[in-house]
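User: I'm new to this structure and would like a close look at one part of it. Could you pick up one helix and follow it outward to its surroundings?

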Amino acid sequence: MKEFNTTGVCIPDKHYMVDITNKLDQIESLVEKGKYFTINRPRQYGKTSSMYLLEKRLEKKDYLPIFISFEGIGDDVFKAEDKFCKTLLSIIKRDLNYKKGETYKEFIREHIDEVDNFAELDNLIFKYIDKLDEKVVLMIDEVDKSSNNQLFLSFIAMLRDKYLRRDLDKDKTFHSVILAGVYDIKNLKLKLRSNEEEKYNSPWNIAVDFEVEMDFNPAEIKTMLKSYQEDKGLEMNIEELADKLYYYTSGYPYLVSKMCQIVDEKVVLGNKREWTEKDLEQAVKIILNIKSVNFDSLIKNLENDERLYSFVESIIYDGRKIRYNQNNELINKGEMFGILENKEGLVKVHNKIYEQLIYDYMSTNIEINSLAQKDINFYNYKDN
């Protein structure tokens, strides 16, 4: 039985999923052109699922995708160049073990002990790719785990240099490289030498902008609802439901799936009956009163940045209309965390669920502070 999934990778055979064919087409087009890029989007925005589906696509063509992640490995890996290089190769070899056909994993196994630094890693990549007929695509997920580490940034800088030499026909390297994470690697600082201060010298300045819209639009949401409807043998007003889901979530992938999961498991309780708009309204009430990693991360990002907290507070409580400017640091940070977005030239909270969640949280903070200060003239924001 399929189910709605809000944790981990979405698998077509196991989960009800939005049809993201159009998004995958756009990403694959970047790969075909040999582009290097970063899929930087907020947490639980479908990055890993999209990478997984892209990997399966590429495997059916003349590509050899290598899909790896540094998630779960110890910090010791990033303390020594030789250990980092060997660990990287081990992770790559592990992924290749699951590929069909000749992938030259034995080549890596035979030479892994010979690599103790980036120069030797550079040379091994050249020899490895020179043996292959397929175009090798390196896909690295959860780069935030490593992006604040000097060794990882040096590795990214090595890939950049190989990319530049490749275009001059002086090297062989990965056809395309995709990094996935919350932060945009292009904006990270690279320390040029150990005794220097950090400088803006992006190790990823060869990457193209990733402009694929990762939000789900109503037409895409309909594809997931249709799959559910057909599986359950129901007749539902899919168009109306999709529009309402988009109204509450603005297409945030996690929220779309979570709302559907709540309706299925907590509102209709698995019964085979059509969904209504009232079911979605009930789901909103439920989702605002549950603990989730997504909501915890949202609040943490606000609490960890006093300026961002005050900025969002001014929008929600004071109704401030602030013009959107892509070069503003606070606006960029709010977008990166999935809190803010550009709506018709103004900065707004990304979706109505987040807006209500943040409002309730900030309101409670104000009430608690007023009690602590014994402020009998506390202004009741809720009435406002």
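Analyst: Let's take helix α7, with the loop leading into it, and then work outward to other parts of the chain. Keep in mind that this is a predicted model.

First, the setting. The chain holds 14 helices and six strands. Along the principal axes, its C-alpha atoms fill a box of roughly 70 × 55 × 35 Å. For 384 residues, a compact globule would have a radius of gyration near 21 Å, and the chain's 24 Å agrees with that. Half of the picture is interior: 50% of the 384 residues count as buried. The chain also ties together parts that are far apart in sequence: among contacts between residues at least 6 apart, 69% join residues at least 24 apart.

Now to α7 itself. The helix has 15 residues and reaches 21 Å from its first C-alpha to its last, close to the 21 Å expected at 1.5 Å a residue. Its buried residues are Glu 220, Ile 221, Met 224, Leu 225, Tyr 228, Gln 229 and Lys 232. Look at how those numbers are spaced. An α-helix has 3.6 residues a turn, so residues three or four places apart point the same way. What do the buried residues of α7 pack against? They pack against α1 (21–32), α8 (238–249) and α9.

For a contrast within this helix, try Ser 227, which is found in α7 (residues 218–232). Ser 227 counts as partly exposed because its relative accessibility is 23%, and the cut-off for buried is under 20%. Leaving aside residues up to four places away in sequence, Ser 227 touches Lys 2 and Tyr 16. Ile 353, by comparison, is 126 residues from Ser 227 in sequence and 25 Å from it in space, C-alpha to C-alpha.

Step back along the chain to the loop between β4 and α7, and you'll find Asp 215. This residue is buried, with a relative accessible area of 13%. Asp 215 has quite a list of partners: beyond residues up to four places away in sequence, it touches Lys 23, Tyr 45, Glu 220, Ser 250, Gly 251, Tyr 252, Pro 253 and His 350. One of them, Glu 220, is among the buried residues of α7. The C-alpha atoms of Asp 215 and Tyr 246 are separated by 9.7 Å, and the two are 31 residues apart along the chain.

Another of those partners, Ser 250, deserves a stop. Ser 250 is found in the loop between α8 and α9. It counts as buried, at 10% relative accessibility. Its backbone is worth a look too. Most residues other than glycine have a negative phi. Ser 250, however, has a positive phi, near 55°. Glu 344 also has a positive phi of about 55° although it is not a glycine. Glu 344 lies in the loop between β5 (340–343) and β6 (346–349). Is Glu 344 buried or exposed? At 85% relative accessibility, Glu 344 counts as exposed.

Tyr 45, yet another partner of Asp 215, takes us to an open space. Tyr 45 is among the residues nearest the centre of the second largest pocket, together with Arg 43, Gln 44, Gly 46 and Lys 47. That pocket has a volume of about 900 Å³ and is lined by 43 residues. The elements giving two or more residues to its lining are α2 (47–59), α9 (253–267) and α11 (293–303). Of these, α11 gives the most, with six residues. The lining divides into 22 nonpolar, 15 polar and six charged residues.

Finally, compare that with an enclosed space. The count comes to one cavity of 30 Å³ or more, and about 110 Å³ of space lies in the largest cavity. Its lining residues include Leu 88, Leu 121, Leu 138 and Phe 155. Both α3 and α5 give two or more residues to this lining, and α5 gives the most, with four. The lining divides into twelve nonpolar, no polar and no charged residues. Phe 155 is also one of the buried residues of α6, and what covers the buried residues of α6 includes α3 (81–96) and α5 (118–130).

Definitions and conventions
Residues numbered from 1 in each chain as written. Predicted model: local features only at pLDDT ≥ 70, side-chain atom pairs only at ≥ 80, totals over all residues. Heavy atoms only, no water. 1 Å grid on protein atoms, 1.4 Å probe; cavity = no way out; pocket = protein on both sides within 12 Å on 5 of 7 lines; lining within 4 Å. Points joined across faces, edges and corners; volume = space filled by probe spheres on them. Nonpolar A, V, L, I, M, F, W, Y, C, P; charged D, E, K, R; others polar. Buried < 20%, exposed > 50% of the residue type's maximum accessible area, 1.4 Å probe, protein only. Contact = heavy atoms within 4.5 Å. Rg over C-alpha atoms; globule rule 2.2 N^0.38 Å. Expected span 1.5 Å × (residues − 1).
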